[in-house]
Amino acid sequence: MNGDRSVGGDQAVGRVRRIHVEKRPGSDHEARSILTDLRDHEGIAGLAAVRVFNRYDMEGPDGPEFEAACATILSEPPVDRLFAELPADGAALVLAIEPLPGQYDQRADSAAQCVQILVGGERPACRAARVVVLYGDLADGDADRVRKALINPVECREASMALPATLSEPFPEPGPIPRLSGFRDLAPEGLRALRAELGLAMSEADAAFCQAFFRQEGRDPTLTEIRVLDTYWSDHCRHTTFLTRLLDIEIEGEGPVADSLREAVRMYRDTRAQVYGDRAAERPECLMDLATLAMKSLRQRGAIPDLDLSKEINACSIRATVPVDGRDEEWLIQFKNETHNHPTEIEPFGGAATCLGGAIRDPLSGRAYVYQAMRVTGSGDPTRPSSETRPGKLSQRRITTTAAAGFSSYGNQVGLATGLVEELYHPGYVAKRMEIGAVIAAAPASQVVRAEPEPGDVVLLLGGRTGRDGCGGATGSSKSHDATSLVTCGAEVQKGNPPTERKLQRLFRNPEAARRIRRCNDFGAGGVSVAIGELADGL
C-alpha cells in the first residue's frame, strides 16, 4: 500500500468505515514531539521512531461519498497520507487513545458536521481516536510509562483496535428522580456519610442547614434539589471563601510591609464607614468586600460616570464615545478575566481552552464582540524530569505545553488575537497551576437592550451539543483535592466548542437578533440551574 489515497479495503463492518490519516514526513510535528518527550523526558532510551494517526470511524456515507469525505474533510492531500488498514508492521507498541464515553469530542463532531454539509441528508455518526505507533527496543516497564505519559485518565482512555459493528449508542430511559427518604432524620454522622456518597462540595454546616429547611417544609428533598443547592452554594458560584466573614484581621511583625498592610486595613475600614454609613455594621468584613469596595467608593463619589450598571451578571462594562465612519457613536466596552487553575491542573488542554472560552462567554452574553485576549500563567519548572512528579499529578512539562496548546487552539478557532502571553515559573505553582485568561470586547450601545423579564417571555437556550463533560464542574473545583483527583474528577472539566461560540458571536452582531434579547446569561460550570435561575425571579 502506498499510503496516499487508499481508502477502500475491508475496513468496514456493516456501514461503519474506518480510515487512518497520517501527516507526511516533514509535516509530522506531533509525532516528532512525542518521540522527543518520551525519549528525553520519560527516559525511554530504546525508542527509535514514532508515527501518529488520526483514526476516524464513520457510519453513514458510503462509496463515492466516503471517498470524497476522506479527500476533502478528513485529510489534506498535500500534507496527509490515508490508510484503510493501520501500517504498523514491526512496531514495538501500538496505542489507540479515545475520549472517555460521554465527553464531547470536537474532532469527531466537526468531521460529522462537515461531511453532512458535503453529502447532504442526515448527519453521520463519527468516532475519532489517535493511534500512536512506537518503534524500537522497549525495556520492561516502558509500555506502562508510555501509557502514563500519553493517557490522562481525566479525559481519555485506551481504545480498542477492533472496528465496531455500529456507532449508535442506545441510552436507557432515565428513571424517576429519587427522593432522599429519611434525609430529615439523619444524625450528623449520617449526613457526613451522605455527603461522601454523593460527592457533595457543601460543608457540614450547609448540609445541616438544608436538613433544617426541609424539616420545616415537612418533606425530604429530591436528589435534584440537593444537587442544585450544592451547585449554587459551591465556592465557584457563591464565592464562599471570598464571602467568609473576617472576625479579626491581625497584621504580624514590624517593618515597612507590615505598616503598609495596617494602613490598608485602616483605609478599608474608613472607606466602609463612608460607603455604607449606618449600614456598615450590617455588612460583614470579607475578602469580597475588600475587593469591591474601591469601585463602590468611586461610584458613590461620581468618579466613574462611564460605568454601565444593569441587573445582568456579565462582564464589567463601561460606556464610551467611539468615532465610526466620521460620526460619534455610544459603545459599551466590556472586560472579563477568568481563572481556571483547577481544570488546567487536571486536564490541561480543556482547562486552558475553556479558560479563554469562559472569559469570552461573559461579554458575549452582554451582546459584545470579543476583540483581544491576554494570558498569564504560573507553573513549576517544566524542565524537570517526569520522575520527579508528585504522585497523582501530571508533570509540569505536560501541563505547561498542553495548556498552551489548549489556549491557542480555542483562540485560533474563535478568531481571537492574544496580545500578551506571560508564564511565571516558581516552585509554589507545583501545588496547583495558575491559569488566567482575560478579554476585552465591545458593542454598539444601541444593540444592547437590558429590560426586565415579564411573564410570558420565552427562555431560549442557544449553544452546541455537549456530553457529560462539565457536569459537576462548579462543585468539583470547589472541593479539596488529593492524589485520587485525576481519576475521581474525570467528567468535571468542560470541553469547549469554539466553532459554536464563534457562531453565537456572529449572531449577536446582528442588530435585529441582539435587540430581541431582554436579558442574557452564559452557561458556566454552574450549568442550566444557575444560568437560568439568575435570569429572573421565580426561575
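**Exercise 1.** Which residues in α14 are buried?

Solution. The model is predicted. Buried means under 20% relative accessible area. In α14, this applies to Gln-396, Arg-398, Ile-399, Thr-400, Ala-403, Gly-406, Phe-407, Tyr-410, Gly-411 and Val-414.

**Exercise 2.** Compare the expected span of helix α14 with the distance between its end C-alpha atoms.

Solution. Step one: helix α14 covers residues 396–414, which is 19 residues. Step two: the expected span is 1.5 Å times one less than the number of residues, so helix α14 should span 27 Å. Step three: the end C-alpha atoms of α14 are 27 Å apart, in agreement with the expected value. Step four: look just past the helix, where Gly-415 has a positive phi of about 90°.

**Exercise 3.** Decide whether Ser-75 is buried or exposed, and find a backbone atom that its side chain contacts.

Solution. Step one: locate Ser-75 in the loop between α2 (63–72) and β4 (80–83). Step two: the relative accessibility of Ser-75 is 4%. The cut-off for buried is under 20%, so Ser-75 counts as buried. Step three: a polar atom of the Ser-75 side chain lies 2.5 Å from the backbone oxygen of Cys-70.

**Exercise 4.** Describe the largest cavity by volume, lining and residue class.

Solution. Step one: the structure has one cavity of 30 Å³ or more, and the volume of the largest cavity is about 30 Å³. Step two: its lining consists of Lys-311, Glu-312, Ile-313, Arg-519, Cys-520, Asn-521, Glu-534 and Leu-535. Step three: sorted by class, the lining has four charged, three nonpolar and one polar residue.

Key
Residues are numbered from 1 along each chain as its sequence is written. This is a predicted model: local features need pLDDT of at least 70, side-chain atom pairs count only at pLDDT 80 or more; totals for chains, interfaces and linings use all residues. Side-chain values use heavy atoms; hydrogens and water are left out. On a 1 Å grid over the protein atoms alone, a cavity is a set of points where a 1.4 Å probe fits but cannot get out, and a pocket is an open set with protein on both sides within 12 Å along at least five of seven lines; lining residues have an atom within 4 Å of a point. Grid points are joined across faces, edges and corners, and a volume is the space filled by probe spheres set on the points. Ala, Val, Leu, Ile, Met, Phe, Trp, Tyr, Cys and Pro count as nonpolar, Asp, Glu, Lys and Arg as charged, and the others, Gly among them, as polar. Helices (H or I, at least four residues) and strands (E, at least two) are DSSP runs, numbered from the N terminus. Buried means under 20% relative accessible area, exposed over 50%, partly exposed in between (1.4 Å probe, protein chains only). A polar contact is a pair of N or O atoms within 3.5 Å; within protein, one must be able to donate a hydrogen and the other to accept it, and residues adjacent in sequence count only if both atoms are side-chain atoms.
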